[in-house]
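Let's walk through this model together, asking at each step how a label was earned. Have the sequence and the structure open beside you.

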Amino acid sequence: MPAQAVDDSGAALNALVRARLAEESGEPAAALSALTTASSLAPGLPGLRGRMLEQAIEAGNLEAARAAASSLWSSGERRFDAQLVLLVDAMRRSDWKAARDTMAGRNDKAGADAIARLILPTINAWIDVGAREKLPERHLIAANNRARPEPSLTLQVAMVQIATKRAAAAATLTDGVTLTDRTSQLVALRTAATLDKAGEAGAAERLRARIALASGQREDPMLLLPDQPVTSPRAGTAQWLGLLADGLARTPGGSAKLPLLFARAAYWLDDQDWAVRMTLVEALDRNGQQDDALAMLDAGRAALPPVLAMRRAELMADAGELAGAAKLAEASVGADAARSLLVRLADIARRSGDPVAAARAYERLEGALGEGEGDQSLRGTLLIARAELLLQADKWDAAAPLMEKAVALRPDDAAILNFAGYSALERRKDVKQSLARIEAAWRQDPQNASITDSLGWAYFLTGRTDDAVGLLEKAQRGEPGNAVIVEHLGDAYWKAGQKFQARYNWRAAALLADAEMATRLEAKLRDGLTHATTAP
């Protein structure tokens, strides 16, 4: 074998190893670069083009995705992801013949390609709009010809009619649509905005009124986005692919790759669509690409709608930028903010560790609450959150009345009962009532490790050591990485005479402990359990 061939073979293998490591580390751009190197050295390697396509989609590299998809397609490997990338490329170039040929290019002889059948009617209709074909909605009407028509497809028909200058027909059609689910409400929002742009404001308002009736209130993050009309075949295809991505992401146990494929395709078609951008952000986050998700909401872009600014703040908080996240979250919430945004603001403020910011957020949220059952439930949780802030500042006398109000509002709420009972027990306040509340909480939710720990610790403090050990062992099985539970169990073991197990638990807790706990554990490991070193 010539020396150069040996060198190329070794270099190709090295590139494949780098690619695999990058794939496993969630670095698609690096993986794509390594795979490109391997392809240049050993172009005939089986499966290489498929991997390049997958990594190009994850990395958002349309040029590389198109090249890999074209290579796969021309070789006869007509994968769905390749088909979707080639469709995007054709539609971006307004090459409607190529788009139509691409959609017809996969032969589903087995009848198993459910995803392709789901997208075909809508995409074929929008391709026909671009190609100026007569009655492009015929694809949708044929697919929807059944006893109970799908409202989302009927609304797609209306948008296609508007795109072909038949707004009056679209208005008549939408007046007869019954919104049955979340997806139809989301499509209805886009249809209403499109009717508005076409001069059919009356039909748009009638449709919006039914959205409000069906959804109760516009608290869903997607429903909080600005209404954007669908004005072109690319935009029409993008909004449908984005909706499919959103639906697939909500499927329990579903893959993270398929929603990302649809969301990428939608974004490549229309990067000005806020709903598409939100869907892509969520798909990236679900796929472990948090940095890429955050980049999609970069503050340097055009001003973000409040719901997307809040999502950026949450991603920043997840990345450890807590102070900046709290500041952005507070700035993103206007005077008329939806309650769901105020809830998210309160959560970010709590996570930030800034008690002043948290107090402001709680005050704003409380001011937005009404008297309904759901609001009263949230009010109880909010009272507990305010009490927690006060307890952190060692203000028991101010916190105690808030906890009593929360218990009065939600007497059967396990989380509230547990918090109120444990907070009092921790400070050795009214031990009998505290124990009763924790027992009531445990009866409500016996599988909850934190509540089980609270009850076990309550039994420890009231001298029921054997009962305490059993419950604390159960709690530790539920949350083995919780240092508080591990320390509690160690203390209970010591009191039960199981000193070897106690020291084992204290050592384990020390690996997870904060500074104050670590000092206490060090003393216990040295001197054994004393009154002064018993866990709080």
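**How the labels are earned**

In this predicted model, the residues Pro 306, Ala 309, Met 310, Arg 312, Ala 313, Met 316 and Ala 317 of helix H17 meet Leu 322, Gly 324, Ala 325, Leu 328, Ala 329 and Ser 332 of helix H18.

Q: How do the residues of the contact of H17 with H18 divide into nonpolar, polar and charged?
A: There are ten nonpolar residues, two polar and one charged. Arg counts as charged, and Arg 312 is among the H17 residues in this contact. Gly counts as polar, and Gly 324 is on the H18 side.

Q: Why are H17 and H18 called roughly antiparallel?
A: The axes of H17 (residues 306–318) and H18 (residues 322–332) cross at roughly 170°. An angle over 145 degrees counts as roughly antiparallel, so H17 and H18 get that label. Their axes come within 8 Å, and the crossing is left-handed.

Q: What makes H9 roughly antiparallel to H10?
A: Here the axes of H9 (residues 151–163) and H10 (residues 167–175) cross at roughly 165° and come within 7 Å. The cut-off is again over 145 degrees, and therefore H9 is roughly antiparallel to H10. The crossing of H9 and H10 is left-handed.

Q: Which residues of H9 and H10 meet?
A: From H9 come Thr 154, Leu 155, Val 157, Ala 158, Gln 161 and Ile 162, and from H10 come Ala 167, Ala 169, Ala 170, Leu 173 and Thr 174. Sorted by class, this contact has eight nonpolar residues, three polar and no charged ones.

Q: Why is Gln 161 called buried?
A: Gln 161 has a relative accessibility of 9%. Buried means under 20%, so Gln 161 counts as buried. This residue is in helix H9, and leaving aside neighbours within four places in sequence, Gln 161 is in contact with Glu 137, Arg 166, Ala 167, Ala 169, Ala 170 and Leu 173.

Q: What is the sign of phi at Lys 165, and where is this residue found?
A: Phi of Lys 165 is near 65°, a positive value in a residue other than glycine. Lys 165 is found in the loop between H9 and H10.

Q: How do you know whether Lys 165 is buried or exposed?
A: Its relative accessible area is 77%. Exposed means over 50%, so Lys 165 is exposed.

Q: Where is Arg 132, and how does its accessibility compare with the cut-off?
A: Arg 132 sits in the loop between helix H7 (114–130) and helix H8 (138–143). Its relative accessibility is 76%, and with the cut-off for exposed at over 50%, Arg 132 therefore counts as exposed. Although Arg 132 is not a glycine, its phi is positive, about 60°.

Q: What makes Asp 491 buried or exposed?
A: The relative accessible area of Asp 491 is 0%. Buried means under 20%, so Asp 491 is buried. Asp 491 is placed in helix H27 (residues 483–495). Not counting residues up to four places away in sequence, Asp 491 touches Trp 457, Phe 460, Trp 506, Lys 524, Leu 529, Thr 533, Thr 534 and Ala 535.

Q: Why is Ala 483 called buried?
A: Ala 483, also in helix H27, has a relative accessible area of 11%. With under 20% as the cut-off, Ala 483 is therefore buried. Outside its neighbours within four places in sequence, Ala 483 is in contact with Ala 509, Leu 512, Ala 513 and Met 517.

Q: How far apart are Ala 483 and Arg 148?
A: They are 335 residues apart in sequence and, C-alpha to C-alpha, 55 Å apart in space.

Q: Why is Asp 291 counted as exposed?
A: Asp 291 has 64% relative accessibility. Exposed means over 50%, so Asp 291 counts as exposed. Asp 291 lies in helix H16 (residues 290–296). From Trp 240, Asp 291 is 51 residues away in sequence and 26 Å away in space, C-alpha to C-alpha.

Q: What does the whole protein come to in helices, strands and buried residues?
A: The secondary structure comprises 29 helices and zero strands. Of the 536 residues, 49% are buried.

Note on methods
Residues are numbered from 1 along each chain as its sequence is written. This is a predicted model: local features need pLDDT of at least 70, side-chain atom pairs count only at pLDDT 80 or more; totals for chains, interfaces and linings use all residues. Side-chain values use heavy atoms; hydrogens and water are left out. Axes are lines fitted to C-alpha atoms, for helices over the stretch in contact, and angles run from 0 to 180 degrees between N-to-C directions. Helices (H or I, at least four residues) and strands (E, at least two) are DSSP runs, numbered from the N terminus. Angles under 35 degrees count as roughly parallel, over 145 as roughly antiparallel, 65 to 115 as roughly perpendicular and the rest as oblique. A crossing is left-handed if the near helix is turned anticlockwise from the far one by less than a right angle, and right-handed if clockwise. Contact means heavy atoms within 4.5 Å. Buried means under 20% relative accessible area, exposed over 50%, partly exposed in between (1.4 Å probe, protein chains only).
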